[in-house]
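User: I would like to learn how to read a model of this kind feature by feature, with the general idea given before the particular case. Could we begin with a helix and then work outwards?

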Amino acid sequence: MLAVDGISVRFGGITALDGVAFTVEPGTAVGLIGPNGAGKTTLFNCLTRRCTPDAGTVRFEDEDLLALPPHSVAGRGIARTFQNLGLFPRLTVRDNVMIGAHSRGRTGHLAAALRLPRVRREERELRDHAEDLLRRLGLADVADHPASGLPFGTLKRVELARALAVRPRLLLLDEPVNGLSHGEVGQFADLVRAVREDFDLTLVVVEHHMGFVMGLCDKVVCLDFGRKIAEGPPEEIQRDPAVIEAYLGVAA
Amino acid sequence: MSTIVATLATDRARRPRAALTALLAVAVAVGAPFYFAPFQVFQLTMVLVYAVALAGLNLLVGFGGQISLGHGAFFAAGAYTAAVMLDRYDTGHLATLPVAAAGCFLLGLGFGVPALRLRGLYLALVTLSFAVFLPPLLKRLEPVTGGSMGLTVDKLQPPAWSGLAEDQWMYFVALTVAAVALLLARNLLRSRAGRALLAVRDNESAAEVMGVRLSLHKTLAFAWSALFAGVSGCVYTWVIGYVSPDSFSFVLSITLLAGLVVGGLASLYGPLLGAAFVMYVPSWAQDISDAAPGVVFGLLIIVVMFVAPTGLAGLVGRLRSLAARRPTRTTPAPDRTPESAPDTDATSASESSAPPTPADPAPADAEPVGAPPRTEKE
């Protein structure tokens, strides 16, 4: 479904990614781990066209992703969440989720200003879909609340709802349980598993919480200093000497 | 949570009352020209004219998060389009409106292009330059614009069937234009396009990931905003019957921006309040002190910003939430704490969060400086 091949990104003298390659099969969940600064988020940014690699290719269902303008990525069925939340703080939770459906709407400025019948219809459809998602993720109570000021765990769910509103086939989660309490991590993992099932999603997850990654993912890719140092099923990765060295260092 | 549910319930109960309020407002708006003296009706007409320009500026600044110090120039462009068409080509008043609107839309589209690369103060500077260079340009193009002397054109005349006086007719024309403009702005904002605009304001990169085409929505925001200013300028010419370069100095642009901020950014009816402020306060300041009306005007702006940091439009909501807070303090207080307590770590952005004011769906009270007095929280 997704094929990343030989991606390299350099920021000035720093090589953030160095020839990283891996594939994501449809319906699987791939975990992306590595110490801080390993290049995980940079890789995500390449996948959503926020950053253009200096070398390498990214193919999504046989289409060259790097040839697309950034705003077209959502329309292809790729959604993401952000490491430090990328919500719209002054908008209500419902509007946040409805913006997720932006790429599916057709209404232009003029039609919107005149509020043509088809605009009303589309608006109703988007709203109904957003309501469904809000109910599904237990957010119906806070739908009219501005996003700012809600608890962090709730905001994480709002962001997930917004990403689902894109109707993605590939969902990229950037540190989804970062900052959540122990109990919340378990709940969020269950939620991700459930929506993955319901919406038939393919997942790529960046996460430091090993329990979360190992419990969710079918395959784990480990990066260190921009290079891929290991790839394989979670059980193998946990025993891989290179991974252990990257995380803990070796005994002197 | 339950407070929110309660808020929703009262919102529903409020609907008939809102309809009643709207009906009352319409009645007042229609009745006003028959009650007031011609000069006062003229002042009201000008409030409506400025409100259209402010509604446009609001789209750009309040909802779009961009800034323009050049809206006086778009206003002037609309006014001169109408004046030149009436003076040279004798087209009739109504024909000038679509031309002024379309011309300013294109002009705004042109100015939207630098807005893609510049932001904040830099964008303000570029738009200010437009406002600064337009009056001298109008003076130089004397064969068309009449130079420093300006152009005198026919005012709008009431048709015989209406049986209205000139000032009353112009009032109703301005009222219609303002009502349509505010309605269009409202429709725009409550749609996919408007949400995209708000999303770009709040978080550009997240908006782009959601599929919002930044360049399109940012330039169109500029174009719409300029269109409103141009329409407003066009009606200005109809009402005043005279344009000159000195009426449209860059001070006008700054006055418009000040009016918008005082009226209430990102509020649907803030432009009306802002327009009233721009219209009445300077002359009122003149009454108080002949020597320094500017000082009085400036001081008043400062006072308003202290008392109502979210603008006059936000004042109503603030007073209401203050009043609502009194009774809730005695009733189950712990219910509120889970919502207000995690404020500090809740958002990554520096937004401080006021308790939601149900009256104002898009409160602009996110600025940390403008946070309501929360020190006296329980």
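Analyst: A residue is called buried if 20 or more other C-beta atoms, placed from the backbone, lie within 10 Å of its own, exposed if 12 or fewer do, and partly exposed in between. In this predicted model, ten of the 14 residues of α11(B) are buried, so this helix is largely enclosed by the rest of the structure. Among the buried residues of α11(B) are B:F250, B:L252, B:L256, B:L260 and B:G263. Helices (H or I, at least four residues) and strands (E, at least two) are DSSP runs numbered from the N terminus. Residues are numbered from 1 along each chain as its sequence is written, while chains are lettered from A and ligands numbered from 1 in the order in which they are written. Because the model is predicted, local features need pLDDT of at least 70 and side-chain atom pairs count only at pLDDT 80 or more, whereas totals for chains, interfaces and linings use all residues.

User: How far does helix α11 of chain B reach from its first C-alpha to its last, and what phi does B:G264 take just after it?

Analyst: The expected span of a helix is 1.5 Å times one less than its number of residues. Helix α11, residues 250-263 of chain B, reaches 20 Å from its first C-alpha to its last, close to the 20 Å expected. Just after α11(B), B:G264 takes a positive phi of about 130 degrees.

User: Is B:L106 buried or partly exposed, and in which helix does it lie?

Analyst: B:L106 lies in helix α4, residues 93-117 of chain B, and it counts as partly exposed because it has 13 C-beta neighbours inside 10 Å. B:L106 and B:N58 are 48 residues apart in sequence and, C-alpha to C-alpha, 19 Å apart in space. For chain B as a whole, buried residues make up 46% of its 378 residues.

User: What does UniProt place along chain B, and how much helix is there in residues 120-138?

Analyst: UniProt positions are given here in the numbering of this model with shortened feature names, and annotations may be inferred rather than shown by experiment. The unreviewed UniProt entry places the feature "transmembrane region" at several spans of chain B, including 120-138 and 220-241. Residues 120-138 of chain B are 100% helix and 0% strand, with end C-alpha atoms 28 Å apart, and residues 220-241 of chain B are 95% helix and 0% strand, with end C-alpha atoms 31 Å apart. Chain B has 16 helices and two strands.

User: How many residues does each chain bring to the contact between chain A and chain B?

Analyst: Two residues are in contact if their C-beta atoms, placed from the backbone, lie within 7 Å. The contact takes 39 residues from chain B and 44 residues from chain A. On the side of chain B that touches chain A, the largest share, eight residues, comes from α8(B). By class, that side of chain B has 22 nonpolar, nine polar and eight charged residues, where Ala, Val, Leu, Ile, Met, Phe, Trp, Tyr, Cys and Pro count as nonpolar, Asp, Glu, Lys and Arg as charged, and the others, Gly among them, as polar.

User: How should I read the sheet in chain A, and which strands stand at its edges?

Analyst: Two strands pair if DSSP finds at least two bridges between them. In chain A, four strands form an open sheet in the order β2-β1-β4-β5, with antiparallel pairing. β2 and β5 of chain A stand at the edges, each with a single partner strand, so one side of each is left without a neighbour in the sheet. Seven bridges join β1 to β2 in chain A, with A:V9 opposite A:L17 and A:I7 opposite A:V20. In the hairpin of β1(A) and β2(A), which has two residues between the strands, A:G12 takes a positive phi near 60 degrees. Five bridges join β1(A) to β4(A), where A:S8 stands opposite A:A55, and β4(A) pairs with β5(A) over two bridges.

User: Where in chain B is confidence lowest, and where is it highest?

Analyst: pLDDT is the predictor's confidence in each residue, from 0 to 100. Chain B averages a pLDDT of 80, and 82% of the residues score at least 70. Confidence in chain B is lowest in α16(B), at a mean of 39, and highest in α10(B), at 93. Over residues 329-378 of chain B the pLDDT is below 50. Where pLDDT is low, the predicted coordinates should not be read in detail. The model scores ipTM 0.90 and pTM 0.83.
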